[in-house]
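Biologist: Before I take any of these descriptions on trust, I would like to go through the terms one by one and hear what each of them rests on.

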Amino acid sequence: MSILITTEATADIPESLFRDDLKIIPMGYTVNGIGYDGDTEKLSNKDFYNAVAQAKSKEDLPQTTMVTSFTATEFFDKYLSQGYDIIHIGFSSKLSGTLDQLNMAAKELKEKYPERKLTVIDSLSASFVEGLVAYYACHKKDEGASYEEIVDYVESIKQNAYGIFVIDDLNHLCRTGRATKNEAFLGTLLQIKPMLYISETGTLEPYKKAMSTKKALKTMLEDFKNVAFDKDKNLLIAVGCADNEPDRALVIDSIKAMGYTNVIPYDVGPVVGTHVGKGMVSIIFMGKERSSFIK
């Protein structure tokens, strides 16, 4: 039996982790009235985040396209018809309607291919938190686990997959409706940097604020240290950014100084980047269950 692990472009999986048995559903977006399919047609990160930064209102922001049941059906059908069984790690159902579309596709295809297996799992995550779960699913497969064992494993670890983020631009949060104009004005004036995390229910929640990027990154690193698994320093840790390589490099160096050896960079792509804005920095890792994060 051949098993594929699949996910969506929201997973922000870096090219260094691509493999033949990990497939990604591309997601489209529109910038300045021009559509990109996210696959053969896409902007560089630099050009995309410049467009995000220049937006003056919500209407000016790039627009993302949800995966439809039609797109998902075409994607899954291609591999089911080749004899693969599929385990899909999906974008949080609390952040998008994509998971509903995937489940609609799965229901239809299970009738068409009754001999094949297709499971859609709600990762309760976004960005490379979702990708990290897919990464570990692939490694469980490498260990020789059965289809059912991989599904059970994914369900057992998804609450240990963390994403914590420092947002650079409160004006961007204002444009997306996540902050008021007054909050954006005062926050920008005082150099306040909001910090967010992905909760156990799969929502993106603010949990702290810091006065300056330096203090925000220091706080994020402390929070990481408090909940990250530290028994195995070779566990994969990913540090992402939305066109902010200098701060990402500082965070990577700080984590390596803690003794962690498997620390990689990743880029926050257009689908997630539309919502977090230019300058964001994140740490993605495995740790204690998310419910313990801000207790």
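Biologist: What makes the crossing of α8 past α9 right-handed or left-handed?

Modeller: In this predicted model, α8 passes α9 in a right-handed crossing, and the term applies because the near helix is turned clockwise from the far one. The two helices, α8 at residues 213–227 and α9 at residues 245–257, pack at an angle of about 35°, and their axes lie 11 Å apart.

Biologist: Which residues of α8 and α9 meet, and why is that called a contact?

Modeller: On the α8 side they are Thr-213, Leu-217, Met-220, Leu-221 and Phe-224, and on the α9 side Asp-247, Val-251, Ser-254 and Ile-255; heavy atoms within 4.5 Å are what contact means, so these residues satisfy that cut-off. By class, six of the residues in the contact of α8 with α9 are nonpolar, two are polar and one is charged.

Biologist: How do you know which residues line the largest pocket?

Modeller: A lining residue must have an atom within 4 Å of a pocket point. The largest pocket, with a volume of about 740 Å³, is lined by 25 residues, of which Ile-13, Phe-18, Gly-38, Lys-42 and Gly-269 are the closest to its centre. The strand β12 gives the most to this lining, with three residues.

Biologist: Why does Gly count as polar when the lining of the largest pocket is divided by class?

Modeller: Gly is placed among the polar residues because the nonpolar and charged lists do not include it; on that basis the lining of the largest pocket has 15 nonpolar, three polar and seven charged residues.

How values were computed:
Residues numbered from 1 in each chain as written. Predicted model: local features only at pLDDT ≥ 70, side-chain atom pairs only at ≥ 80, totals over all residues. Heavy atoms only, no water. Axes fitted to C-alpha atoms, helices over the stretch in contact; angles between N-to-C directions. Helix = DSSP H or I, 4+ residues; strand = E, 2+ residues; numbered from the N terminus. 1 Å grid on protein atoms, 1.4 Å probe; cavity = no way out; pocket = protein on both sides within 12 Å on 5 of 7 lines; lining within 4 Å. Points joined across faces, edges and corners; volume = space filled by probe spheres on them.
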